[in-house]
Every structure is written in structure tokens, then in C-alpha cells.
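Dear colleague,

Please find below the structure that I am handing over to you. I should be grateful if you would look through it before reading my notes.

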Amino acid sequence: MITFTSFPKSKDSFSYTAAKFSAVDGNDMDVDVYGDDYGEDFDSGTKLTYPGESITSSYDYMRGHGTFIDQGNVISSVAGTIERVNKLVSVRAIRTRYNPEVGDLIVGRITEVQPRRWKVDANSRQDAVLMLSSINLPGGVQRRKLESDELQMRQFFEGGDLLVAEVQAFFADGAMSLHTRSLTYGKLRNGQLVCVPPILIRRLKSHFVSLPCNVDLILGLNGYIWVSKHIDQNRQPGEEGLDAESVYSNQNEAIDAPTRMAVSRVTNLIKVLASHFVPLSDVILLEAYEWAVENDVEVKDLTQPDICEGLIATVGTKG
Amino acid sequence: MASRVEILNDGGFRSDGRKQYELRDIVIDLSQQGSADGSVVLSHGLTQVSASVFGPREAKMRSQTLHDRANINIEVTFAPFSMGERRKRSRNDKRVLDFASTIKATFEPAIQTKLYPRSQIDIYINVLQQDGGVLQACINATTLALAAAGIPLLDFVCAVTGGVQSASPLLDLTTLEENDVPHLTVAVMPRTGNITLLTMETRLHVDRFEEIFQLVTSAGHVLHKEMKAAIKDRTRTLVAAMSVAPKAVGEKDPLYSERMDDS
């Protein structure tokens, strides 16, 4: 009588038995979801939860993110996986907006220019703020706190510009403040933006990835990924070959056809992987790119479902 | 109309072959739609509704921001082809606006808006097919879309329509029955049993109210089982999909990865 088609058929091939959560396989924290004292209080076995499910007693455990307390019970408020650190129980939502933390690298888009600050869309619950005082001026000039700087703000960033930045601090209401005070941060050009769910981007040692196919990637933790033409080593930020004036340039460099092709191919690969909810890392992207080249898959073919399935099957088995 | 069609025949069957307390087929499709944070297409029999949730995100109009909680913005559109008679409803139709504010009032006690000050949660509901119980379908779709978008909820909100045909209660009415029978819609939060909505647009005898109210509330619990199964199923699929991928070089744990090369 009752039928469910809650997800496209394609993903049913992933069996649930394969699922292991990040908290389980040993890191230094005392996390054992199947611990001895665990079974009685928790709905043991299932580590997945949904809004309104009672997880445990609030007298024995503390509530973390994604939970609330009602009538002596810790109750989940989002659909996701239960995580426990000692006595702290939290639920990590499987799909949600980006939750910023200080030090995160993000890719964002300027939405508004305001007095002494820019508003930046960063896929978070509020627009981020980039203060005029937290950017590098061209040529490393010290900012003289002058009105002329404020009048020139649009020469640095305008509405619609893309930038890579780091989360510096939070305001009282939870909005994040960004900074670009490093030569690796700043305005983005020569490429293309892809948006994926933020949970698919893990914290890596470096979020600046260079693929051998002449493509550079910036994996923003907020789920925005910048795919661009490769910049030569000696013109990298911090090297002498860098032109100071070009930091805030709006002009793309000349990009030849093979590079354009490579950028689009990487972009499409990211879209395919993200649509199948595969976490992204440089290894996977490289593997996927090699697969695309080996099998002679055209950029446009990557939009076809059957070819996508082939890709996902290959990437999944190599691990 | 009533003379030609029997709402409940002598055998105890309704016009579409259901028994009195039988609900219609429910189909839940939680697949991704465009750039929405959470989206669902929900069918109760021939009534079909799609809901998309965006947010919490920066409010488009500064005047709408609330300094202590998120603002909920609900927009409902009825597709012109959703009824037997083709009819275009304007965006500012009084009935549509009223309908949207009813849904908003239903969800205000269920969403933890306090966690997202100065943000906005946008909910866009599209009614694709109407065959009775449009309000219940909209509410159930919104709950599912909110849960899919990872927005903190105190509980699911499950809505069911019920009516009384000459002393015999009916559940989950079709258009045919809604036109003929006094009916009410109840939205219940199953964990606590709180009622967040009760609407009646027709007159119902006060003696009948108690019975139908109890019945509709318990039907809400039945729907809750189906809705949470769908959400759990989706969570399970996504978690499984995430674990299939190979890990990065030297990666021990996805959270604390140690990579050798970042040339």
C-alpha cells in the first residue's frame, strides 16, 4: 500500500553495511560508539538519527550540537550521525549549511560594499564580513587610515568578485569575519566556481591543490571550489615574478583551448562526484581525471548518467 | 453532486475504494533539486506537492531580519494545471497568502529559529496536483524538506485531514469528499503530542469533534513513521555513499588527515 522512492535508484547500490563513521575509526579522542556503557542508554546499533528522536538521558550525558533537552532526555534536532566524545553527545547533520571555524579556508563572493567592509556570501547562515583593514593592499603598502582608502574600496573588490580568504574571528551574533592578509589569499580569476555540499570537503593539510593537467584547485571548506588555470611556480604569490598590480586585477589572462578543456573537465568531474555524495580530495580528483582521460571521455559526456555511473564505480573500487 | 456519488457506500467503501480509516498512498522523493538545501516531492494519492528549503541564509531584505532569531519566509504557488479547471492564481491572492501564513504559524513552534539570529529560512512550496488535503500535503512536505536541509527541528510536524460523513469519520479526504463533508486538518508533533495546527473551514457538530480529533491525531503518528523512515533511509544512503570513496594518501581519519604531498 505504501511505497517509497526516497532517492534515485542509482545510489541503492551502496550497501549500508559498508558505512563507518568518521568518529569510529580510531583517532586520539575517546570515541567508541559501541562502548560498554553505551548500549543501555542509547538506541544501540543505530548511529543514525532523525529530528525528534530521543538519544539518551540528559542526566548522564551532556548535549552537543544538533541536540536539545526535553523532559530529561537528550533529543536529536537534525537528521544525521550521532557522535560522542566522553559524555558529550552531538549529532552531525548530513546536509547542512557551512559551519565556520576560525582558521578555515573559504572561497566566497562579494555581495555588497559597505562602509569600511565588504559582505561576502560564503554558503553560511549569514554573509561573512571582510573588513578593509584585513586585506593586503597592492604592493604590501601599509594602510594609512585615510578616507581615500575607503573611497577606493571598489578598486579592490566589487560586488560579484570571487575571493579566497581565511576565517579570522566571529562577531557576537555568530557572523564570521574574514581576512586575506596572506599572499596566497585574495581575488580569484582565470577559472570557474563549483558549489558542492560543505560536508564533502574534509580538512586537509593544504586546500590549494595542483593537478598535473595544468589545473589549480582551491577547495574552500564552505563547499565552494575554485577551478582555475595553473599559475607557474615563479609567478606564485611570494615569488619575485609576481606582478603586484595584478593582485586585484579583474582581467583574465589568456587561457588556451586545452587548459579551458581541462578546467571544464575537472569542473564536471567535481559535479559528478558531488552529485553521488563522494567526499572530495586531491587523490580522488586525480583518479577521476585519469579515468576520464584513459577512457577518452569527452567533457560533455560527463553529464550523461551512465558514464557517471562508470566513474563512480571505478573511483569507489580503487580505495 | 452528493446525490450521484456516495461518499460511503453500504459496504463501507469510499468513492476511491478505500475504507473509512484508510490513508492514501504516500510517495516521498527526497532527491536533490537544483541548488536547494533540502527538497522533497510528496504525494498523498493524487495530491502532489514539491517543497524546497533554502537557508538559513542572509536575508534578502534587511528589514526582515530579526536580531534574536531566524525569519521564516514561506511562499506557496499553485500550478495552473493543478486542478481540473485550469486557473491561474496571482501571487498576491488573498487565499494563497493566508494559506502560506497558516503553514508558517504551524512551523514556528517546531523550528529552532533561535539558533540562527539575523538569518532567513526560505521555504518554497509548489502545489503540482490537487485532490484534497492540500494543506496536509504542504505541511508534511515542508517538514521533510526542513529535515533534509539539516535545519534543527524540535520534532516532525505531521498533518492529516479528517471528516465526518453522517456520524462515520473518514480520514485523508479527496476533493470529492472535501466538497461534501465537514472536515478539519490537524498538525501534530508526535513526540510530545502537541498540536501545532487545527483548522476547520466548514461547520462540524461539536459532538463529533472529539472522536474525529482523536482519530486524526493518531493518523498523524502513522504518517510520522513513514516520514521518519524516509528521512532515515536518505541519511543512510548519503552516509554510505560518503564512506565508499578511497581515502587520501596516508589518511587515517577523514577529520584528521595527514597528507604527504601537497605540491
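The notes that follow describe the sheet in chain A, the make-up of chain B and the salt bridges.

Please bear in mind that this is a predicted model.

In chain A, four strands form an open sheet in the order β1-β6-β7-β3, and their pairing is mixed. Strands β1 (48–49) and β3 (62–63) of chain A stand at the edges with a single partner strand each, so one side of each has no neighbour in the sheet. Strands β6 (residues 80–85) and β7 (residues 88–93) of chain A run antiparallel and are joined by 6 bridges. A:Glu83 stands opposite A:Ser90 in β7 of chain A.

Chain B contains 4 helices and 9 strands, which follow the pattern β-β-β-β-α-β-α-β-β-α-β-β-α along the sequence. Of its 263 residues, 55% are buried.

The salt bridges number 20 over all chains. One of them joins A:Asp70 to B:Arg191, at 2.9 Å from N to O. This pair crosses between chains, from strand β4 (residues 67–70) of chain A to the loop between β8 (183–189) and β9 (194–200) of chain B.

Within chain B, a network of salt bridges links B:Arg14, B:Asp16, B:Arg18 and B:Glu177. The closest N and O atoms are 3.0 Å apart in the pair B:Asp16 and B:Arg18, and 3.8 Å apart in the pair B:Arg18 and B:Glu177. The latter pair links distant parts of the chain, 159 residues apart: B:Arg18 lies in the segment before β1 (26–29) and B:Glu177 in helix α3 (residues 175–180) of chain B. B:Arg18 and B:Glu177 are both buried, whereas B:Asp16 is partly exposed, with a relative accessible area of 39%.

With kind regards

Note on methods. Residues are numbered from 1 along each chain as its sequence is written. Chains are lettered from A and ligands numbered from 1 in the order in which they are written. This is a predicted model: local features need pLDDT of at least 70, side-chain atom pairs count only at pLDDT 80 or more; totals for chains, interfaces and linings use all residues. Side-chain values use heavy atoms; hydrogens and water are left out. Two strands pair if DSSP finds at least two bridges between them. Helices (H or I, at least four residues) and strands (E, at least two) are DSSP runs, numbered from the N terminus. Buried means under 20% relative accessible area, exposed over 50%, partly exposed in between (1.4 Å probe, protein chains only). A salt bridge is a side-chain nitrogen of Lys or Arg within 4 Å of a carboxyl oxygen of Asp or Glu.
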